[in-house]
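Me: I have a model to go through and would like a close look at one part of it. Please keep the sentences short, and then connect that part to the rest.

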Amino acid sequence: MKHLLAIDDLSADDIHRLLELTDHMVEINSRPIPKVPALRGKNVVSLFFEDSTRTRTSFDTAAKRLSADTMNFTVSSSSVSKGESLRDTIETIAAMGVDAFVVRHRSSGAPAMITRWTNASIINAGDGWHQHPTQALLDCYTIRTGLNRRDGFDGLHIAIVGDIRHSRVARSDVQAFAALGARVTLVAPPTLLPPSLQGWPVEVSHDLDSLLPDLDVLYLLRVQRERMDEALLPSLHEYSQLYGLTDARAARLAPHALVMHPGPMNRGVEMVADPGELPGSVILNQVTNGVAVRMAVLFWLLGSGSDLAEAS
Amino acid sequence: MSRLVIRGGTVLDQTGERAGDVVIENGRIAAVGEKVDTLAADTVLDAKGCNVSPGFVDLHVHLREPGKEEAETIETGSRAAALGGFTAVVAMPNTDPAHDTVSVVDFVRAQGAKAGLCEVLPSGCITVGRAGTQLAPFAELAASGVHLFTDDGNGVQDPQLMRNALEYAGPLGIVLAQHCEVAALTKGAVMHEGACCSRLGLPGWPSIAEELMVMRDIELVRLTGVPMHFLHLSTARSVQMVRAAKAEGLRITAEATPHHFTLTDEQLNGYDPVFKVNPPLRTRADIDAIKAGLADGTIDAIATDHAPHAPHTKEVPLDEAPPGMLGLETALALAISELQMPLAKVVAALSWKPAAIAGVADRHGRPIAVGEPANLTVFDPNQQWTVVPAQLASKSRNTPYAGRPVRGKVRHTILNGVAVVVNGTATR
């Protein structure tokens, strides 16, 4: 496997293997000196066309713990407005000698396009509304450890709540959760669902309250202010009334249920309760697991093929 | 006196099909018949296995000059047209500057005449600068020879302005052509709204955006009685509405592009901007409806919407790329290969029917008979070939058909008695 562009490039077996590899990375990260020489001499370039300090830092940390060299490019304006095509940008940086590009772009499909212009591996760190595969993998890892489900998600019921239409996290998570066997329900007003759900392995509900007691995982998505300007929502207040996680709603969750969020949270909108007070909240575990999962992905795509234990 | 003979072909025009040679003298057809004397001919063009038909007329091309000569010039676009069998093309007005003054349309016409590869018919804008606020000078432009008016690339959004445009145009005998798209429904749109865009995470371009304007304009034609042409229809419901409107006797004509009867939105799965076009590629059901519309005459003409873009402008993410694809050199082959239609109907949709809409029925799309102007296309309906972008005459390479095997190829094109394409090669 050369690139990681989308979750549906991976089989369920691939996902399981990546999660097992992540276990090794977690172990490495628990050592007094959390660093191994597995990717020594490999050059990993973060190419962020859209700001995201947390994702960039997470990838950067992951690469460094595997001893890769790292470079960071932040391209603030779109390639077109600078007069340089995306192809020119990629070919220029690739000419410096790159083994992997970690790409974040506001346009869906940009990482897929980039694969045509370089021999380097492309890791999608989020493209438009399309995919954010490492987020889905870290979410799977968090559920796997949080609910002790090493063998898969059969019988789990996961609700993803919020702005599904504009969410790359939702598109990735739906594919990953379903691949591992979970039952997935999307919860949102119709205006925040994609125009078609044909082929999506999901159920749809507009009533969060009736679902709460049945859920094993409640996954909240960020809802943005601009959705009101587009007349997709009357107000964030109304959204919060219907879909926000309040203390009252949290109390109706099963005791074992996990509460997740990809961050950054919109406090008082989708997250009304104090997440620090929620017993089921694993939001910070998601962030921690992000580093280990990204180490696993980098090792999987760039590793020599030798056993990790040997490499370390 | 030059004498050109097209020998051994099958003549195909609105009067039917018959074997026969065609003799051309001084830009006009001098004789049509079997086994004419070729001894006195200056040039003999072999048409064995070919049809000899009236020249094709494309109602919808973007030649990019003036303004975007890096993508296409009137000369390179005319060459692509001639190689595609077109003897006349209607140049869309979205150049820079736009076709809203006599000087610009005169320039476009003159550049076409200078290239001498096909007749370039400038369209005129409906509104100044295609901005949708002020009427363009219809009468002045009409007096200079413009017949078809459109803001193509933009639909005329304001219903009051569109009503006024139709009423004002009425006595001038011109035709207004609408790019049917309600802009408020397509903000940021990249591809057809449906299962594919939902999976790919791209903003949808809903069918209803086209259909609402088709619906509105059918009612405006009913109100004003002034004729109107619908550009590049792409949805099943649009075809259905136009069929019903025509059945009522409303003066409406319509065109469809080869890409809208050959390609679906699933082509966008790889995010390749070469498949981004306005209106977008839609679904199999829409393709079937477009084909049915062409077959029963609801859709009058095949028009290419030839839209060249320089390679670097398509080497960007899908949402940043401009919409549009090449069409002139592949239209005939796609029509023959993909439409399950008799050849005579294909040629009708490429030749005399669009000639009438473009207002050039006095010189293009004429029956092949003695005394008629010699604007002719000679094509082999059975020749197999494969589309190779680098072999196209257009200055750009954005064909969506790279590597596709097709059937049907232009062998010779005759413009005003001059062979501008001979054996598949442009002579100028």
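Which order do the strands of the open four-stranded sheet in chain A take, and what kind of pairing joins them?

Reply: A caution comes before the details: this is a predicted model. The order in the chain A sheet is E2-E1-E3-E4. The sheet is open, has four strands and shows parallel pairing.

Start at its edges. Strand E2, residues 69-74 of chain A, is one edge strand. Strand E4, residues 121-127 of chain A, is the other. Each of these two pairs on one side only. From one strand to its neighbour, the average turn in this sheet is 15°, with direction ignored.

Now take the pairing of E3 and E4 in chain A. Strand E3(A) covers residues 100-105. Five bridges join E3(A) to E4(A), in the parallel sense. One position can be picked out by eye: Val102(A) has Ile123(A), in E4(A), as its bridge partner.

A helix belongs in this view too. Helix H12 of chain A, residues 283-302, lies across three strands: E1 (43-48), E3 and E4 of chain A. Against E4(A), H12(A) runs at about 150°.

Chain B offers a sheet to set beside this. An open sheet of four strands there has the order E5-E4-E1-E6, and its pairing is mixed. Strand E5 (28-33) and strand E6 (43-46) of chain B stand at the edges. Each has a single partner strand, so one side of each lacks a neighbour in the sheet. The twist from one strand to the next averages 20°. Strand E4 of chain B, residues 21-25, pairs with E5(B) over five bridges, in the antiparallel sense. Within E5(B), Val32(B) stands opposite Val22(B).

Next, where the two chains meet. The contact involves 24 residues of chain A and 19 residues of chain B. On the chain B side, helix H5, residues 195-200, gives the most, with five residues. By class, that side of chain B has eight nonpolar, six polar and five charged residues.

Step back to chain B as a whole. It has 12 helices and 21 strands. Its radius of gyration is 21 Å, and the globule rule gives 22 Å for 428 residues. The two values are close, so chain B is as compact as a globular protein of that length. Along the principal axes, the C-alpha atoms of chain B fill a box of roughly 65 × 50 × 40 Å. Buried residues account for 59% of the chain. Take the contacts in chain B between residues at least 6 apart in sequence: 76% of them join residues at least 24 apart.

The domain assignment splits chain B in two. Domain 1 takes residues 3-51 and 371-426, while domain 2 takes 55-358. Over C-alpha atoms, the centres of these two domains of chain B are 26 Å apart. Where they touch, 30 residues come from domain 1 of chain B and 40 residues from domain 2 of chain B.

The domain 1 side of that contact can be broken down further. The elements giving two or more residues there are strand E18 (376-386), strand E19 (405-415) and strand E20 (418-422) of chain B. E19(B) provides the largest share, seven residues. By class, this side of domain 1 of chain B has 15 nonpolar, 10 polar and five charged residues.

Technical notes:
Residues numbered from 1 in each chain as written. Chains lettered and ligands numbered in written order. Predicted model: local features only at pLDDT ≥ 70, side-chain atom pairs only at ≥ 80, totals over all residues. Contact = placed C-beta atoms within 7 Å. Nonpolar A, V, L, I, M, F, W, Y, C, P; charged D, E, K, R; others polar. Pairing = 2+ DSSP bridges. Axes fitted to C-alpha atoms, helices over the stretch in contact; angles between N-to-C directions. Rg over C-alpha atoms; globule rule 2.2 N^0.38 Å. Buried ≥ 20, exposed ≤ 12 C-beta atoms within 10 Å, placed from the backbone. Domains from an automatic or database assignment.
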